[in-house]
Amino acid sequence: METAQMKVAVNGVESIIGYVFDDRFLLWEALQAAGSPVVHAGGRSFRNGNKRLAVLGDTVLQLALVEQWYAGKQARVAFDESRQRIGSNDNLTIIGNQTGLNAFVNRAGGMTVISPTTMAATVEAVLGAVYLDGSLQAVNPVMQTLGLV
């Protein structure tokens, strides 16, 4: 069952990314920083916050980038450069802060500031959640909306 906090966060992030989830609990999981008091939702447990979704999202981001690179017939070095630039924690942190995703991260108790690592992981986790809810084709427009491509 959705809590009021979950509804606000999920609605806010859906508005930012331009994607509406069928399984809203996936997005709620993506918004849980490590140490968050929320450790289960929608029948899933996630005691380490969004870390598992972040690993998936990092891979999805790289897959989307390599697909675009392959279709464009650019040199391999172009892919490596874009992957490093776009997928860097610094860039993902900037994206998370500039788009307002940072306002919806459910932090660990006592955490007043979201660390760059946590923000980058949350952006990756959101991409992972979109992938699981929809498909790789659903991820591409979200990446465009967020300014990742």
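Helices here are DSSP runs of H or I with at least four residues, strands are runs of E with at least two, and both are numbered from the N terminus. What you have open is a predicted model, in which local features need pLDDT of at least 70, side-chain atom pairs count only at pLDDT 80 or more, and totals for chains, interfaces and linings use all residues. Residue numbers start from 1 along each chain as its sequence is written, and side-chain values use heavy atoms, with hydrogens and water left out.

**Stop 1: the whole chain**

Show the protein chain as a cartoon and color it by secondary structure. You should find 7 helices and 2 strands, running α-α-β-β-α-α-α-α-α from the N terminus on. The radius of gyration (taken over C-alpha atoms) is 15 Å, close to the 15 Å from the globule rule (2.2 Å times the number of residues to the power 0.38) for 149 residues, so the chain is as compact as a globular protein of that length. Along its principal axes, the C-alpha trace spans about 45 × 30 × 25 Å.

Now switch on a surface. The chain exposes about 7600 Å², and carbon and sulfur atoms supply 53% of that; the areas come from the Shrake-Rupley method with a 1.4 Å probe. Of the 149 residues, 47% count as buried, where buried means under 20% relative accessible area, exposed over 50%, and partly exposed in between (1.4 Å probe, protein chains only). As for contacts (heavy atoms within 4.5 Å), residues 24 or more positions apart account for 59% of those with a separation of 6 or more.

**Stop 2: Arg 44 and its partners**

Select Arg 44, Asp 23 and Glu 29 and show their side chains. The structure holds 5 salt bridges, each one a side-chain nitrogen of Lys or Arg within 4 Å of a carboxyl oxygen of Asp or Glu. Arg 44 forms one with Asp 23, the closest N and O atoms being 3.3 Å apart. Arg 44 lies in strand β2 (residues 44-45) and Asp 23 in the loop between α1 (4-17) and α2 (24-30), so this pair ties together parts that are 21 residues apart in sequence.

Next, turn to Glu 29, whose salt bridge with Arg 44 has its closest N and O atoms 3.2 Å apart. That pair also links distant parts of the chain, with Glu 29 in helix α2 and Arg 44 in strand β2, 15 residues apart.

How covered is each partner? Glu 29 is buried, at 6% relative accessible area. Arg 44 is partly exposed at 26%, and Asp 23 is partly exposed at 24%.

**Stop 3: helix α4**

Select residues 76-86, which make up helix α4. Its buried residues are Phe 79, Asp 80, Ser 82 and Ile 86. Bring in α3 (51-72) and α5 (89-99) as well, since they are among what covers those buried residues.

Zoom in on Arg 76 and Asp 80, whose side chains meet in a salt bridge (3.3 Å, N to O). Both lie in α4, 4 residues apart, about one turn of the helix. An α-helix has 3.6 residues a turn, so residues three or four places apart point the same way. Arg 76 counts as exposed at 54% relative accessibility, whereas Asp 80 counts as buried at 18%. Back at the previous stop, salt bridges that share partners join Asp 23, Glu 29 and Arg 44 into one network.

**Stop 4: Arg 52**

Finish in helix α3, the place of Arg 52. At 73% relative accessibility, Arg 52 counts as exposed. Draw a distance from its C-alpha atom to that of Pro 37: the two are separated by 16 Å, with the residues 15 apart along the chain.
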